[in-house]
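Here is a short tour of one protein model with its ligand. Have the structure open beside you as you read.

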Amino acid sequence: MKAIRVHQFGGPEVLKFEEVPDPRPGSGQVLVGVRAIGVNPVETYVRSGIYGPKQFPYIPGTDVGGVVEEVGQNVKQFKKGDRVYTNSTVTGAYAQKVLCEISQVHPLPEKVSFEQGAAMGVPYATAYRALFLRGQIRAGETVLIHGASGGVGTAAVQLAHAHGAVVIGTGGTEEGRKLVKKQGADHVLDHHSPGYLKQLMALTDNRGVDAIIEMLANVNLAKDLTVLAKHGRVVVVGNRGSIEINPRDTMSRDASILGMSLMNATEAELKQIHAGLVAGLANGTLAPVIGREMPLSGAAEAHEQILKPGSHGKIVLKP
Ligand code: NAP
């Protein structure tokens, strides 16, 4: 099969398109024929070495949409021909086939495309865990999705809206903001506009928001703390540097800053998260937005694109 492999840390040019042996499923494993692969910012961080040691060569990625091609012994949950999405793999996602443990594979309803399936694993699970397990969002609360136009943001808007929250989403471009509105945001703001937090306070009658799902904390955390309502929570999902905050802004509101890494999710949480996500796909409340499709051989270009401003849903690779 064809796959992207990384033999050393570095820039996008270390993503090599190569021929590698097909994996075979062992006991409790399934082999998935890949139709689409989700590209996530974390794969650029791992590739460049900032997440520490890695065994070389490795195939990047965790998220695919595809079809079960073969099942190993003792697999009763899936059979050949089942449509599935993955949230993790044994062998790596940027490939024509991926080997998975059954806990890493989830059913993909008929009406959901493989490209949409490839947008589930990291982005939707991140949005779900940030909103409901860390942020404890309740129906009727007002939530700011700070960076709502990308993979995690569009997922968070759909999930929070479906849950009955009042959703304020931000985007950096006109196109991105239109997309955010279409996903169910009640109000949309421009995170590059100088007065947008004043607009946010006006939208909440100067009360502030109950929770913020933050995609770029190193830019926004200090400001976030000034627009929280009493007992408000900021869930830090994305961060690319450091920032100075005024702790008094948390004291005066009894506010909380909550870190969130999907990598810390327990097995039980992942089970809960994907049960919720599969139900949302099946009943139509969740519909991942695909912004751009590129060939698997163009993974390097996808790694450049994912870090550029002007997000519009999810970038997927086609093998
Ligand atoms: P993405 O698709 O590239 O989207 C990035 C988002 O950040 C876009 O909505 C972008 O908006 C927005 N953004 C840019 N400048 C901003 C600003 N000044 N203020 C607020 N938002 C801004 O990436 P993603 O997959 O959604 O991931 C988002 C972040 O979460 C990344 O940093 C990623 O590494 C992180 N993440 C963390 C976890 C975890 O477990 N903690 C899991 C997944 C992702 P415009 O492009 O419209 O300006």
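Helix α3 is mostly covered, with 14 of its 15 residues buried. Keep in mind that this is a predicted model. Just after α3 comes Gln136, whose phi is positive, near 50 degrees.

**The nonpolar cores**

Let's look at the inside of the protein. The largest nonpolar core has 42 residues, and those with the most contacts inside it include Leu131, Val143, Ile145 and Ile213. At least two residues of this core come from each of α3 (120-134), β8 (142-146), α4 (151-163), β11 (209-214) and α9 (267-282). Which of these elements gives the most to the core? That is α3, with nine residues. Domain 1 (2-119 + 288-318) and domain 2 (123-263) each provide at least three residues of this core.

Ile213 is a good residue to zoom in on. Leaving aside neighbours within four places in sequence, Ile213 is in contact with Ala130, Leu131, Val143, Leu144, Ile145, His146, Val235 and Val237. Apart from this core lies another one, of 33 residues, among them Met1, Leu15, Val30 and Ile59. As a general rule for soluble globular proteins, nonpolar side chains tend to be buried together.

**Two domains**

The domain assignment of the protein gives domain 1 (2-119 + 288-318) and domain 2 (123-263). Their C-alpha centres lie 28 Å apart. Where the two domains meet, 15 residues of domain 1 are in contact with 14 residues of domain 2.

**Around the ligand**

Now turn to the ligand. How many residues surround the ligand? There are 28, and the closest are Tyr45, Ser149, Met260, Leu262 and Ser311. Three polar contacts to the ligand are set out here:

| Ligand atom | Protein partner | Distance |
|---|---|---|
| Oxygen | N or O atom in the side chain of Ser149 | 2.7 Å |
| Nitrogen | N or O atom in the side chain of Asn220 | 2.9 Å |
| Oxygen | Polar backbone atom of Ser311 | 2.8 Å |

Taken alone, the ligand exposes 920 Å², and the protein buries 89% of that area. The elements that give two or more residues to the shell around the ligand are α1 (41-48), α3 and α4.

That brings us back to α3, which gives nine residues to the largest core and also gives two or more residues to the ligand shell. Helix α4 likewise supplies at least two residues of that core and two or more of the shell.

Note on methods: Residues numbered from 1 in each chain as written. Predicted model: local features only at pLDDT ≥ 70, side-chain atom pairs only at ≥ 80, totals over all residues. Heavy atoms only, no water. Core = buried A, V, L, I, M, F, W, Y, C linked by side-chain atoms within 4.5 Å. Buried < 20%, exposed > 50% of the residue type's maximum accessible area, 1.4 Å probe, protein only. Helix = DSSP H or I, 4+ residues; strand = E, 2+ residues; numbered from the N terminus. Domains from an automatic or database assignment. Contact = heavy atoms within 4.5 Å. Near = heavy atom within 4 Å. Polar contact = N/O pair within 3.5 Å; in protein donor to acceptor, adjacent residues only side chain to side chain. Areas by Shrake-Rupley, 256 points an atom, 1.4 Å probe, with all protein chains shown as cover.
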